[in-house]
Amino acid sequence: MAKALFRLQKFLRRTQFLLFFLTAAYLMAGSLLLLQRTRLVIQQGSRGTPANQALPVPDEMTRVGIMDPRTLQNPRPGPRLLVGVDAVPEPALDVSRSHSPRWLTSRNSELRQLRRRWFHRFISDQEPMQAAGFKAMKQITEHKGTYVGCFTDDSRERTLKGAVFYDLRKMTVAHCQEACAERAYTYAGLAYGAECYCGNTLPAAASKPEECNSECKGEKGSVCGGVNRLSVYRVEELRAGARQRRNVIYRGCFRAPENLTDTFPASLIQPNLTVEMCSEFCSKKEFPLAVIRGQECYCGYPTGRFSLRDGADGLRCRGTRNASSTAEGKYCLVYQTPVQDTRCTDRKFLTTKSKVFVALSSFPGAGNTWARHLIEHATGYYTGSYYFDGALYNKGFKGEKDHWRSRRTICVKTHESGKTEIEMFDSAILLIRNPYKSLMAEFNRKYAGHLGYATDRNWKSKEWPDFVNSYASWWASHVLEWLKYGKRLLIVHYEDLKQSLIPKLKEMVEFLNMTVTEDRLLCVENNRDGNFKRSGAKQKDFEPFTQEMKNLINRYILTVDEALRGRNFTGLPREYVPR
């Protein structure tokens with residue numbers, strides 16, 4: 001009898017615990033459901049839309065390669081340390097092993113998890129919007145420009161192509177309007193909630209107002225176009241205020257071509273012609289060059305007949321603005337207008353998967369982003385990336401969010417230097433830069449972003465010598481491992497590319513098995529800097545490299561130079577050493 005009572009008591013205790021657990025789970029589920037329903041009711045009340053209507057998402061936005069820039073502030077891998085190298089002593093380079101800290105080993109899986117996590121959040125966070133809500137949006141938001149309407153956006157025959165901007169997080173109508181006004185454009189168009197296009201001609205095909213239904217990424221309650229749809233604003237009234245902020249750049253004095261009217265598509269003869277008048281005229285015509293000879297103003301592009309490569313002595317153009325008889329009218333003044341040269345700005349993904357998997361490999365700070373800018377504009381195809389950098393995507397590098405193994409890009413950026421990572425690629429462009437410059441550029445990027453500069457406090461802290469001790473060895477091992485495991489390499493020195501842009505770029509394009517026209521290459525040269533050039537070299541009143549650091553770096557330079565020559569490549573430029 002006692003045993004039976006004991007078993008019954010034990011059973012009741014278990015049942016009591018089970019009932020308690022089920023009750024708690026039921027209450028928690030009910031609370032979550034109540035909160036979710038409340039959130040949906042609030043959305044319906046504020047938006048005026050049914051909760052189950054999804055916002056259209058462009059095809060290129062729905063790829064697993066997307067990731068929120070906030071989830072990855074520093075997408076670059078850490079240094080691969082050379083075996084046998086202490087803080088400063090003689091380097092013992094052993095490239096047969098993998099030289100990386102532990103956290104770099106699990107980097108690939110972490111990146112994939114972050115991309116997947118943000119991708120699902122990106123899709124689930126899309127707020128539904130309908131035409132009924134647009135009237136309220138227009139009442140809430142006030143913009144300086146005049147809203148023209150919703151238009152069809154055809155990427156193959158884009159009308160608003162004078163300038164293009166992206167901002168996946170902070171795009172607003174006002175930001176787009178001001179950017180277009182500063183560049184002397186009449187219209188500003190927004191698409192996908194994050195893309196801004198400028199031009200002086202309205203798109204031909206109008207669309208229904210409700211088809212522009214993407215909310216601006218940086219401005220709730222405002223419409224920024226839609227999927228293949230543009231919300232277009234007229235910003236001409238803003239141009240007067242923006243005129244003071246425009247940059248008209250003096251390109252120099254050049255010998256005028258024999259027939260100016262045949263060389264340049266637009267011209268103007270104006271008494272008392274000024275630089276501002278000529279620049280304004282050419283900007284309206286959407287030409288990047290304003291050419292002045294006396295009272296004559298010509299607009300056009302750099303071409304084979306007028307390449308801007310051989311400048312003349314500025315004294316020959318003295319008085320050119322006032323008298324066409326100066327130097328018998330053989331010379332002219334050339335200015336760069338705020339308008340972008342659009343002959344090489346159209347880019348797209350490869351229509352078929354690339355059969356050759358090409359890497360654009362470099363040590364961080366060696367100019368990889370700049371090289372990508374040049375390659376994209378020369379070939380017309382996007383470049384991919386082993387990582388994801390939201391700042392780069394916002395500046396037009398759409399391949400950033402495409403999966404790096406999709407083979408839809410012309411080449412893939414990487415800083416990796418392990419055997420496995422190298423052997424995944426069929427060929428590679430190996431970009432090498434002076435380690436002194438590379439180390440300083442990467443240190444600036446690490447502490448101040450792509451366009452900023454590290455503070456003097458950063459340079460004088462313990463972080464700088466620690467950075468040099470680890471990253472200097474990585475600079476050497478990166479080159480050595482690619483030389484050892486790379487299947488087919490094209491070595492490009494950053495300094496040579498900067499000095500001889502067109503010849504070196506031609507070499508890179510041919511390596512990618514592409515052909516380009518001379519006019520397109522001249523367009524690239526005209527837009528050579530891109531959006532990631534630091535504004536001049538910030539001078540420091542001290543030498544950041546100690547003699548001990550120089551001795552270490554110089555030994556790495558000699559080791560890499562010897563390895564390059566041993567593989568029948570051109571050695572490092574002489575300017576690398578001595579320092």
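Which residues of helix H16 (residues 501-511) are buried?

1. Buried side of H16. The model is predicted. The buried residues of H16 are Leu 501, Ile 502, Leu 505, Met 508, Val 509 and Phe 511. They pack against two strands besides S13, namely S16 and S17 (489-493). They also pack against the helices H9 (368-379), H15 (494-499) and H17 (518-526). Just after H16, Asn 513 has a positive phi of about 65°.

2. H16 against H17. Two packed helices are described by the angle between their axes and the distance between the axes. For H16 and H17 the angle is about 120°, and the axes lie 10 Å apart. Angles of 65 to 115 degrees count as roughly perpendicular and those over 145 as roughly antiparallel. The two helices are therefore oblique to each other. Their crossing is right-handed.

3. Residues at that contact. H16 contributes Leu 501, Ile 502, Leu 505 and Lys 506. H17 contributes Leu 521, Val 524 and Glu 525. By class, the contact has 5 nonpolar, no polar and 2 charged residues. Leu 501, Ile 502 and Leu 505 also belong to the buried set of H16.

4. Strand S13. This strand spans residues 358-362, and 5 of the 5 are buried, so the rest of the structure largely encloses it. In a regular strand the side chains alternate between the two faces of the sheet. Here both faces are covered. Val 358, Leu 360 and Ser 362 are buried on one side, Ala 359 and Ser 361 on the other.

5. Partners of S13. S13 pairs in the parallel sense with S16 (residues 427-432), over 5 bridges. Pairing with S15 (residues 412-414) is also parallel, over 3 bridges. Leu 360 has a partner in each strand: Ile 429 stands opposite in S16, and Lys 413 is the bridge partner in S15.

6. The 5-strand sheet. A separate point concerns an open sheet of 5 strands, ordered S1-S7-S3-S4-S2, with antiparallel pairing. S1 (146-152) and S2 (163-166) are the edge strands. Each has a single partner strand, so one side of each lacks a neighbour in the sheet. Neighbouring strands are turned by 25° against each other on average, direction ignored.

7. S1, S7 and H5. S1 and S7 (residues 229-234) run antiparallel and are joined by 6 bridges. Gly 149 has Val 232 as its bridge partner in S7. Helix H5 (residues 173-182) lies across S2, S3 (187-191), S4 (195-199) and S7. H5 runs at about 140° to S3.

Technical notes
Residues are numbered from 1 along each chain as its sequence is written. This is a predicted model: local features need pLDDT of at least 70, side-chain atom pairs count only at pLDDT 80 or more; totals for chains, interfaces and linings use all residues. Side-chain values use heavy atoms; hydrogens and water are left out. Buried means under 20% relative accessible area, exposed over 50%, partly exposed in between (1.4 Å probe, protein chains only). Helices (H or I, at least four residues) and strands (E, at least two) are DSSP runs, numbered from the N terminus. Two strands pair if DSSP finds at least two bridges between them. Contact means heavy atoms within 4.5 Å. Axes are lines fitted to C-alpha atoms, for helices over the stretch in contact, and angles run from 0 to 180 degrees between N-to-C directions. Angles under 35 degrees count as roughly parallel, over 145 as roughly antiparallel, 65 to 115 as roughly perpendicular and the rest as oblique. A crossing is left-handed if the near helix is turned anticlockwise from the far one by less than a right angle, and right-handed if clockwise. Ala, Val, Leu, Ile, Met, Phe, Trp, Tyr, Cys and Pro count as nonpolar, Asp, Glu, Lys and Arg as charged, and the others, Gly among them, as polar.
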